[in-house]
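Subject: Structure handover

Hi,

Here is the structure I said I would pass on. Have a look at it first, and then read my notes underneath.

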Amino acid sequence: MRTSHLVQQAARSMRRYPLRTIVMMLGSFVGVAMLMFVLSVGKGAQTLMLRTVHQILGDRAILVMAGGGTMMGGPRGGSARLTIDDLDAVAREVPQIDSWDPIVQKFGAPVKRGSANATARVLGESERWSQVWGRGVARGQDFDASAVAGTARVALIGETVARKLFASDDPLGGEVEIGSVPFRVIGVLDRFGTDLHGMDRDNEIVVPVSTMMRRVKNTDAISQAKLVIKDGGRDADVAEQVRRVLRARHGIAEGRPDDFNLMTSSEINGMVSKIERVLLLYVPLVGAVALILGGIVGAVLMLASVSERVGEIGLRCAVGAGPADIRRQFVLETAVTILLGGVAGIVLGIILVNVATRRMPITAPISWVAVLTGLAAAALTGIVAGVFPARRAAALNPVDALR
């Protein structure tokens, strides 16, 4: 029997048993859609995560954050208080520290220029912020140590802030108000884009830390700081030295938890590696399991259909179809049904990826590796699932089948 005839017969069987066909297609439909979504969006999330970590932390840094306990919970220390003097002492007593920058921040701060209003994240930082964080000024100029020492009311604004407040006007030399405090814009920040939390990092304003502490927030405490060390391979040892200095300055008795938090580049990279494994290994396994389950369901349904189609099989044998033809027919029916489910799953996966990229801050181009993997997996699952029903159908005695 020619293959074209077998394909036509498979199509007729699928139309004759629509419920069975839909159930058989469902496993490959869900499995391939999940593979498409996870491999495409997971790759985009991985790229964004690595870029953000590299931009923010680098490979030889320690983050010092006010507040006790650990990042994932645990015992907490007393009231969190971190000061510039603390970090200055750390820089003096730990010779491996190359540079450092304190941060005082305010989220959702009201900013205006004339009748134009916006909200932005305002950061108070030192004159070393560009060196420490690896981000500079695209237009205009940066502020220097004299601006920090003199609590100058100067500001560096991100492109989003510039667009909201100045539209098409040149922001350099213009004046903005943060709260009720006027600042002169002296520079526009380099573009950053969106970070892992979905925050628009171009919707930021950087001002001298002294001005931020005295005029905007009226505080003498900082929220966090970044320390850049000379040797990235020794970040754990340096972090322990930093911890000892801060505990001594804060008068924390032995056995009591820290009232600050330290995170090293190595720890962050370890967390990123774990997330990568989840995104690109364990989650796709769910799609693979769905494909396998779909194949099992397809095999069971086709085995059941053999009993229902005994008369049909006997008639085909009577008009000249051999056992090989019967085997090919059932394998082809199962494979085509599951493969069509996989094709539909690819369409759904593309739709889900497009929806995700519009709603999440990632760029996730369609993974053609995922498309080919999904099609190959669906075809292979269909062929394997059709083997047992085909062997059972081919083993039927034509005379007994016709009775």
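Let me begin with asparagine 218, which is exposed because its relative accessible area is 68%, and the cut-off for exposed is over 50%. You'll find Asn218 in the loop between H7 and strand E9 (224–229). Its phi is positive, near 55°, even though the residue is not a glycine. Keep in mind that this is a predicted model.

The helix that Asn218 follows, H7, has quite another setting. H7 runs over residues 209–216 and is mostly covered, with six of its eight residues buried. Those six are Val209, Ser210, Thr211, Met212, Met213 and Val216.

There is another non-glycine residue with a positive phi: threonine 151, near 45°. Thr151 also sits in a loop, this one between helix H5 (145–149) and strand E5 (154–157). So is Thr151 buried or exposed? It counts as buried, because its relative accessibility is 11% and the limit for buried is under 20%.

Now for the inside of the chain. The largest nonpolar core has 68 residues, and the members that touch the most others in it are Val64, Phe143, Ile205, Leu227 and Val242. I looked at Val64 in a bit more detail. Leaving out residues up to four places away in sequence, the contacts of Val64 include Leu82, Leu87, Leu246 and Leu262. Val64 also touches Leu227 and Val242, both of which are on that list of core members with the most partners. The neighbours of Val64 include some polar residues by name, too: Ser223, Gln224 and Asn261.

On the outside, there is a nonpolar surface patch of about 460 Å², made by Val289, Ile292, Leu293, Ile296 and Val300. Ile296 belongs to helix H9, which covers residues 265–308. With a relative accessible area of 47%, Ile296 is partly exposed, so it clears the 30% needed for a patch residue while staying short of the 50% mark for exposed.

Finally, some totals for your files:

- The chain has 13 helices and 10 strands.
- Of its 403 residues, 46% count as buried.
- Among contacts with a separation of 6 or more, 78% are between residues 24 or more positions apart.
- The chain exposes about 19,600 Å², and 59% of that comes from carbon and sulfur atoms.

Over to you now.

Cheers

Notes: Residues are numbered from 1 along each chain as its sequence is written. This is a predicted model: local features need pLDDT of at least 70, side-chain atom pairs count only at pLDDT 80 or more; totals for chains, interfaces and linings use all residues. Side-chain values use heavy atoms; hydrogens and water are left out. Patches are made of residues with over 30% relative accessible area and no salt bridge: like charges are joined within 9 Å, nonpolar side chains (Val, Leu, Ile, Met, Phe, Trp, Tyr) within 5 Å. Accessible areas come from the Shrake-Rupley method with a 1.4 Å probe; for residues, only the protein chains shown count as cover. A salt bridge is a side-chain nitrogen of Lys or Arg within 4 Å of a carboxyl oxygen of Asp or Glu. Helices (H or I, at least four residues) and strands (E, at least two) are DSSP runs, numbered from the N terminus. Buried means under 20% relative accessible area, exposed over 50%, partly exposed in between (1.4 Å probe, protein chains only). Contact means heavy atoms within 4.5 Å. A nonpolar core is a set of buried Ala, Val, Leu, Ile, Met, Phe, Trp, Tyr and Cys residues joined through side-chain atoms within 4.5 Å.
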